[in-house]
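Opening a fresh page for this one. I'll start with confidence, then go through some helix packing.

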Amino acid sequence: MSAEDQVRDSIDHLFRHRAGQMVSVLVRKFGVTNIELIEDAVQDAMISAMKTWPYSGPPINQTAWLIQTAKNRAIDHLRRSAKSESIDGYDFEIRKELRDETRFESELTEDQIRMIFACCNPSIPADSRVALTLKIVGGFSVGEIARAYLAKDDAIAKMLTRAKQKLRTLDLEFPAGAELNERLDSVLRVLYLMFNEGYSASEGSDLIRRDLCEEAVRLTRILLGHPLTSLPAVHALAALFMFQSARFATRTDAAGDLLLLADQDRSQWDRGMLAGGLDHFRMAASGSELTDYHIEAEIASLHALAPDYCSTNWERIIAGYDTLLARRFSPVVALNRLVAVGEFRGGEAALVELSALASNYMMTSFNLFHVTRAHFLAKLGRYGESIASYARAAELTKNDAVLRFIRRKIEMLESYE
Amino acid sequence: MPNYLLLLHEKPSDFSGLSPDAIQAVIAEYVAWSQKLAVQGKLIGGQKLRDEGGKHLNGFGSEFRATDGPFAEAKEVIGGIFTIDAAGYDEAVEISKDCPHLKYGGWIEIREVEPTH
């Protein structure tokens, strides 16, 4: 862990969250066409705090101070950019708003949800939505997003600039009726991808990736804080996130190498998080709609509730994956299903099904296909074939953490031969 | 105990790319430092000097010349000041050594305040 990571680990991300809140509030006041000016104003306010608070100490109401400062900066920027026609009308009553804290908090929730919907709008390029949401609502910096994605700062900055051009043209009204469901689908998809980006094993700073998971959970909670978006599908997603988050710390060993579910120390799973996951899972069951998130959450809950790997309810897990695959084919889901098949009906059965999938190029060009195959071959004592499959997987793997995992397996198998 | 003035010199920097997280971490470090002093009863006060504006006044009488400065482009400015209570220069130096200002590339001028009574 770098020194910077240690500092970051010790703080609660208050400023990051405040940044997203301030942008959301100021967008309501000044309009989304001014998004970049608003982001600058918020950044200025934060820097101003950094320069002043060390000497004077932080003000009693930090939020009020930051929002007031950002508002003043935004007005300054607007005056300077000669868009001043209605500035006096902008000099809104933020002080009054802040005095009524309950109302402010509920408006803040709405402002943020409106902003989340905007960043996840289907007209924003799909590959930019997660980054845009992290930047605008999450308060992540360009550098942080770049680190999470192992991308260059410039590339992320360009992507965000393009996405914001589109964002500026959007109507930020709270979607209603049938539109709400459609728009919410897009939002949940973005949060799902955000979480997975953080959860997937990768090199680079682990903490920033963990931050993505936490951010996805935080934004999901914001949605759950509003009656219009506190819906069963959102609870299902929250349940899924929490079941997965409970295992976060046990996915790697002390050296940072990957640990499979079977090898994870279940005593280290976060009980509070699991309980929270169950609460959301119960609330997710209140509707008539069954989403992919419901099914994924159910599968995650079956893992989370099993006292040990052997007593996992594989039969129900297979049924869950069957349902998911019937809805939409996905190589990852198909392979995860086969792991469960292997546990429930044995390695031979899994290998037969794997062979059936081998005609699909999408499968055979996927490293996990070969990892899964190698896994079952090793279990059946077919070490030579297993090594060959792991070697094929290694050829298809770019991710260093996964590569290390594969090499460790090969070394172990070579010692058996 | 004598008072010491800590003048925090710094290079004006561009912080536009700094993340809110990093900003929060910087503030937390300074606040931890000053709060420790406050608890020990050694902190008299701190003041931030405005980055913008500033005047240099020269001359006398009809020769008064007020010029703008220091500028944001200056190589170095005094960002702010702290006043502390210390037994002597040794202690004042010890206290200042922990100030995060040094870690962030600034330097600290320490001056004893001449007691006038």
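Where in chain A is confidence lowest, and where is it highest? I looked it up, keeping in mind that this is a predicted model. Helix H1 (residues 3–9) of chain A sits at the bottom with a mean of 45, while helix H8 (residues 129–136) of chain A tops the list at 97. Chain A as a whole has a mean pLDDT of 89, with 91% of its residues at 70 or more. I also checked the start of the chain: residues 1–9 of chain A stay under 50 throughout, and the model gives that stretch eight contacts beyond four places in sequence.

Next entry, between chains. I took helix H2 (residues 14–30) of chain A against helix H1 (residues 20–39) of chain B, and their axes come within 7 Å, crossing at roughly 130°. That angle is neither over 145 nor within 65 to 115, so I noted H2(A) and H1(B) as oblique to each other. Their crossing is right-handed. On the H2(A) side I found Leu14(A), Phe15(A), Arg16(A) and Ala19(A), which meet Pro20(B), Asp21(B), Ile23(B) and Gln24(B) of H1(B). By class, I get five nonpolar, one polar and two charged residues in this contact.

Last entry, within chain A. Helix H16 (residues 314–327) of chain A and helix H17 (residues 331–345) of chain A have axes that come within 9 Å and cross at roughly 155°. The cut-off here is over 145, so H16(A) and H17(A) go down as roughly antiparallel. I logged this crossing as left-handed. Among the residues in contact are Trp314(A) and Tyr321(A) from H16(A), and Arg337(A) and Phe344(A) from H17(A). The class split is eleven nonpolar, one polar and three charged.

Note on methods. Residues are numbered from 1 along each chain as its sequence is written. Chains are lettered from A and ligands numbered from 1 in the order in which they are written. This is a predicted model: local features need pLDDT of at least 70, side-chain atom pairs count only at pLDDT 80 or more; totals for chains, interfaces and linings use all residues. Axes are lines fitted to C-alpha atoms, for helices over the stretch in contact, and angles run from 0 to 180 degrees between N-to-C directions. Helices (H or I, at least four residues) and strands (E, at least two) are DSSP runs, numbered from the N terminus. Angles under 35 degrees count as roughly parallel, over 145 as roughly antiparallel, 65 to 115 as roughly perpendicular and the rest as oblique. A crossing is left-handed if the near helix is turned anticlockwise from the far one by less than a right angle, and right-handed if clockwise. Two residues are in contact if their C-beta atoms, placed from the backbone, lie within 7 Å. Ala, Val, Leu, Ile, Met, Phe, Trp, Tyr, Cys and Pro count as nonpolar, Asp, Glu, Lys and Arg as charged, and the others, Gly among them, as polar. pLDDT is the predictor's confidence in each residue, from 0 to 100.
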